[in-house]
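Trainee: I've got a model open and would like to talk it through with you. Shall we start from a single residue and work outwards?

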Amino acid sequence: MDNTTLVALLIIAAIVVLIGLLLIRRRGESKDSGVERNRLARTAETLGVALRHAWGSGIDGSTWGEIEDALLAADVGVEATTRIVDGVRSTKPETAEETRDALASQLRGELGKVGRTLATRSHPSVWLVVGVNGSGKTTTVAKLAKGLKDEGKTVILGATDTYRAAANEQLQTWGDRVGVDVVGGQVGGDPASVAFDTLASARAKGIDVVIVDTAGRLHGKKNLMAELGKIHRVAAGDGLVDEVLLVLDATAGQNGLAQVREFAEAVPVTGIVLTKLDGTARGGIIIAVEKSLGVPVKLIGVGEGMDDLVPFDPDIFVDALLEES
Ligand SMILES: Nc1nc2c(ncn2[C@@H]2O[C@H](COP(=O)(O)OP(=O)(O)OP(=O)(O)O)[C@@H](O)[C@H]2O)c(=O)[nH]1
Ligand SMILES: [Mg+2]
């Protein structure tokens, strides 16, 4: 074999390997976005059926009403729906494709280009997780811990819900499952002191991220403000709280929004985690939530398992919403 043949063979081999790698990567990508698509299937179905119907009969006066109804049914909210439909109409679409494209770009525009990654500025970084009871805080804390651990970071959890013994046990069980330490306190003890102990333990052990779980059931707005405010101050230590994540149950719809406003007044929320999107046909709530609280949705919960928390990606979300149509 002369040198030219050898070089030619090497080049062919390199090309084959490259194509193979590209194929493997593409398969991985489509699998990832497929997970999110499947979990949003319920919303996509509602929106899709209505939109198909609207477009099936050609674009006429009633099309806009039907699209409006579909968006409202997906819980996009009255204000945003009006804005979106007006925006689509102003492009004067003549076909279903043009309408769909205009709708997709309006939906993307509503979500905007804001930072959605979780901050880890300080060491240890501190994330505080708040929200009404049953919204999915503790499960989200566990999922966050699992994600960080998979990235090779060290994590410690603080169980500041000292009102219920079961709350402590629940986080402890998750901690065991994920393989991270949990700091708890006596039932009836001071929640802020648990935050203090967690931070102290993280510092002593050189842990990367502290995640503080909080109680959802607090009696009265005053108590809530006072207690969350205190936990927030203590969790900051002499530094800062990197993320205050407000957990919101997507199945609670627009009512849920009113409920969480008090939390947003009590602590400086930096991101929203919208849970239970797998169990609702009202995924459009993401748009209403972001507009109404003025805080980005950073993560979405799409199931009860440890891996069922995904970063919120507006493009994948809009595609998933309009997939069926
Ligand atoms: N389907 C689904 N269920 C979820 C999701 N996130 C949480 N859950 C379920 O919601 C229920 C309540 O979750 P928790 O994490 O205990 O909620 P919490 O906010 O900590 O509740 P409190 O501590 O009582 O305030 C549990 O049954 C979870 O499995 C999700 O993304 N999808
Ligand atoms: Mg809890």
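Trainee: Is Leu-157 buried or exposed?
Mentor: Keep in mind that this is a predicted model. Around Leu-157 there are 27 other C-beta atoms within 10 Å, and 20 or more is the cut-off for calling a residue buried. So Leu-157 is buried.

Trainee: Which strand holds Leu-157, and what does the residue touch?
Mentor: Leaving out residues up to four places away in sequence, Leu-157 touches Val-141, Ala-145, Leu-171, Gly-175, Val-180, Val-182, Ile-211 and Asp-213. Ala-195 sits 38 residues from Leu-157 in sequence, yet the two C-alpha atoms are 9.2 Å apart in space. As for the strand, Leu-157 belongs to E2.

Trainee: Which helix lies across E2?
Mentor: Look for a helix that lies across E2 (155-159), E3 and E4 (209-213). Its direction is at about 165° to that of E2. That's H7, residues 165-178.

Trainee: And which helix packs on the sheet touching E1 and E5?
Mentor: Here the strands touched are E1 (125-130) and E5 (243-249). The helix direction makes about 160° with that of E5. You want H10, residues 253-266.

Trainee: What is the order of the strands in the open sheet?
Mentor: Eight strands make up the sheet, and their pairing is mixed. E3 (181-183) and E8 (309-311) each have a single partner strand, so they stand at the edges with one side lacking a neighbour in the sheet. On average, neighbouring strands are turned by 25° against each other, direction ignored. Reading across, you get E3-E2-E4-E1-E5-E6-E7-E8.

Trainee: In what sense do E6 and E7 pair?
Mentor: Line up residues 271-275 of E6 with 297-301 of E7 and you find three bridges. Val-273 stands opposite Leu-299, and Leu-274 stands opposite Ile-300. The pairing is parallel.

Trainee: How many of the five residues of E7 are buried?
Mentor: E7 is largely enclosed by the rest of the structure, because the whole strand meets the burial criterion. For the protein chain, 44% of the 325 residues count as buried. In E7 the count is five of five.

Trainee: Which residue just after H11 takes a positive phi?
Mentor: H11 covers residues 285-293, and its buried residues include Ile-285, Ile-286, Ile-287, Ala-288, Val-289 and Glu-290. Just after that helix, phi goes to about 65°. The residue is Gly-294.

Trainee: Which helix gives the most residues to the shell around ligand 1?
Mentor: Ligand 1 is surrounded by 20 residues, with Asn-133, Gly-136, Thr-138, Gly-216 and Gly-301 the closest. By class, the shell has two nonpolar, twelve polar and six charged residues. The helix you're after contributes three residues, and it's H6 (137-150).

Trainee: What is the handedness of the crossing of H3 and H4?
Mentor: The axes of H3 (61-73) and H4 (78-90) come within 10 Å and cross at roughly 145°. Trp-64, Ile-67, Glu-68, Leu-71 and Leu-72 in H3 meet Thr-81, Ile-84, Val-85 and Arg-89 in H4, a set that splits into six nonpolar, one polar and two charged. The crossing is right-handed.

Notes:
Residues numbered from 1 in each chain as written. Chains lettered and ligands numbered in written order. Predicted model: local features only at pLDDT ≥ 70, side-chain atom pairs only at ≥ 80, totals over all residues. Buried ≥ 20, exposed ≤ 12 C-beta atoms within 10 Å, placed from the backbone. Pairing = 2+ DSSP bridges. Helix = DSSP H or I, 4+ residues; strand = E, 2+ residues; numbered from the N terminus. Axes fitted to C-alpha atoms, helices over the stretch in contact; angles between N-to-C directions. Contact = placed C-beta atoms within 7 Å. Near = placed C-beta within 6 Å. Nonpolar A, V, L, I, M, F, W, Y, C, P; charged D, E, K, R; others polar. Left-handed = near helix turned anticlockwise from the far one by under 90°.
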